[in-house]
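Work through the exercises below with the model open beside you. Try each task before you read its solution.

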Amino acid sequence: MNVKLSLFASRHHKNKLLRLLIKPLWNKYVRYNKNCSIRNLHQNGAEALHILHQAFSEAGITYWLEFGTLLGAIREHDFIPTDDDIDIGVFYSDCKKVQETLLKAGFRLKREIRVEDGTKGFEQTYMFRKIPIDIFFNHKTESDELFFHSFTFINDGKHPKNACIVEKITIPFTGVMEYPFKNKVLSVPTDYKAHLLAHYGPDYMIPDPAFDYTQVAKNIHYYPITERVGIYRQF
């Protein structure tokens, strides 16, 4: 039933009357899917992280928990209650090794977004037991900072549906350290407090259901569409 509903919605999304009629059912379907994804992360997320940690360690790949996964580890000592994916930071210089290692470990590449050859923007998403794992590829700077790119679909009717706005996100970084999480030992930024402060502001230890990172985070630069556009590709 869920698959049929999704196909029906995708085929008839331009019909305004049908959209109006199906909206309550569609919203219920979206909430149901979200809740299933959250439950799946809490049930299988620790296993996914443990296998990723082992695979990266054996391959000599430096990684760290990023965004909501890092925030959950530090603040909740668990996954954030509303989270349904895993966020991981790595170095762009390891991008080829990262893909080879994850595929070998049983992860499946689901999508990637890149600008041109990837040096100006690159992000991948892998799947493990139906859990999305977002991989953010970081570039080193001359100071104790890194920067990586994130993407948002444009959806202005003028660009292709797979076109994305490119965001450059700068973070403090002095290395990684081991940190206990879900009865495992994983990698987090050594200066995780400054890291989270850059992403979530001074109140990052206080849960806020209405949090909007675009209003709080000061470490984001949005490239003009005329300057840089990411292209989404699904596998």
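**Exercise 1. The nonpolar cores**

Find the largest nonpolar core in this predicted model and name the residues with the most contacts inside it.

Solution.
- Step 1: The largest nonpolar core has 49 residues.
- Step 2: Phe 56, Leu 65, Ile 86, Ile 88 and Ile 135 have the most contacts inside that core.
- Step 3: Another core, of seven residues, lies apart from the largest one. Its members include Val 115, Phe 151, Tyr 223 and Tyr 232.
- Step 4: Now take Ile 135 and set aside residues up to four places away in sequence. Ile 135 then touches Ile 88, Val 90, Val 98 and Leu 102. It also touches Glu 123, Gln 124 and Tyr 126.

**Exercise 2. The buried side of a helix**

List the buried residues of helix 5, then work out how they are placed around its axis.

Solution.
- Step 1: Helix 5 covers residues 192–200.
- Step 2: Its buried residues are Tyr 192, His 195, Leu 196, Ala 198, His 199 and Tyr 200.
- Step 3: These residues span an arc of only 165° around the axis, so they sit on the same side of helix 5.
- Step 4: Look past the end of the helix. Gly 201 follows helix 5, and its phi is positive, near 85°.

**Exercise 3. A salt-bridge network**

How many salt bridges are there? Which residues does the network around Arg 111 join?

Solution.
- Step 1: The count is eight salt bridges.
- Step 2: Glu 123 pairs with Arg 111 at 3.0 Å, N to O. Glu 123 is in strand 4 (residues 122–128) and Arg 111 is in strand 3 (residues 108–114), so this pair ties together parts twelve residues apart in sequence.
- Step 3: Check burial. Both Glu 123 and Arg 111 are buried.
- Step 4: Arg 111 also forms a salt bridge with Asp 134, with the closest N and O atoms 3.9 Å apart. Asp 134 belongs to strand 5 (residues 131–140) and Arg 111 to strand 3, so this pair ties together parts 23 residues apart in sequence.
- Step 5: Asp 134 is buried, at 9% relative accessible area. For Arg 111 the value is 19%, and buried means under 20%, so Arg 111 counts as buried.
- Step 6: Put the pairs together. Shared partners join Arg 111, Glu 123 and Asp 134 into one network.

**Exercise 4. Two partners, two settings**

Decide whether Arg 75 and Glu 76 are buried, partly exposed or exposed.

Solution.
- Step 1: Arg 75 and Glu 76 form a salt bridge, and their closest N and O atoms are 2.8 Å apart.
- Step 2: Arg 75 has a relative accessible area of 17%, so it is buried.
- Step 3: Glu 76 has a relative accessible area of 28%, so it is partly exposed.

**Exercise 5. Cysteines**

How many disulfides are there? Why does Cys 164 not bond to Cys 95?

Solution.
- Step 1: A disulfide is a covalent bond between the sulfur atoms of two cysteines.
- Step 2: The count here is zero disulfides.
- Step 3: The closest cysteine sulfur to that of Cys 164 is in Cys 95, 18 Å away, which is too far for a bond.
- Step 4: Compare surroundings. Cys 164 is buried, at 1% relative accessibility. Cys 36 is partly exposed, at 24%.

**Exercise 6. Positive phi outside glycine**

Where are His 77 and Glu 116 found, and are they buried or exposed?

Solution.
- Step 1: Most residues other than glycine have a negative phi.
- Step 2: His 77 has a positive phi, near 55°. It is in the loop between helix 3 (67–76) and strand 2 (86–91).
- Step 3: His 77 is exposed, at 55% relative accessibility.
- Step 4: Glu 116 has a positive phi too, of about 50°. Its loop runs between strand 3 and strand 4.
- Step 5: Glu 116 is exposed, with a relative accessible area of 60%.

**Exercise 7. Around Met 127**

Place Met 127 and list its contacts beyond four places in sequence.

Solution.
- Step 1: Met 127 is in strand 4. It is buried, with a relative accessible area of 12%.
- Step 2: Beyond its neighbours within four places in sequence, Met 127 contacts Gly 106, Phe 107, Arg 108, Lys 110, Pro 132 and Ile 133.
- Step 3: Turn to Leu 103. Met 127 and Leu 103 are 24 residues apart in sequence, and their C-alpha atoms are 10.0 Å apart in space.

Notes:
Residues are numbered from 1 along each chain as its sequence is written. This is a predicted model: local features need pLDDT of at least 70, side-chain atom pairs count only at pLDDT 80 or more; totals for chains, interfaces and linings use all residues. Side-chain values use heavy atoms; hydrogens and water are left out. Buried means under 20% relative accessible area, exposed over 50%, partly exposed in between (1.4 Å probe, protein chains only). Helices (H or I, at least four residues) and strands (E, at least two) are DSSP runs, numbered from the N terminus. The arc is that of the directions from the helix axis to the C-beta atoms. A nonpolar core is a set of buried Ala, Val, Leu, Ile, Met, Phe, Trp, Tyr and Cys residues joined through side-chain atoms within 4.5 Å. Contact means heavy atoms within 4.5 Å. A salt bridge is a side-chain nitrogen of Lys or Arg within 4 Å of a carboxyl oxygen of Asp or Glu. A disulfide is a pair of cysteine sulfur atoms within 2.5 Å.
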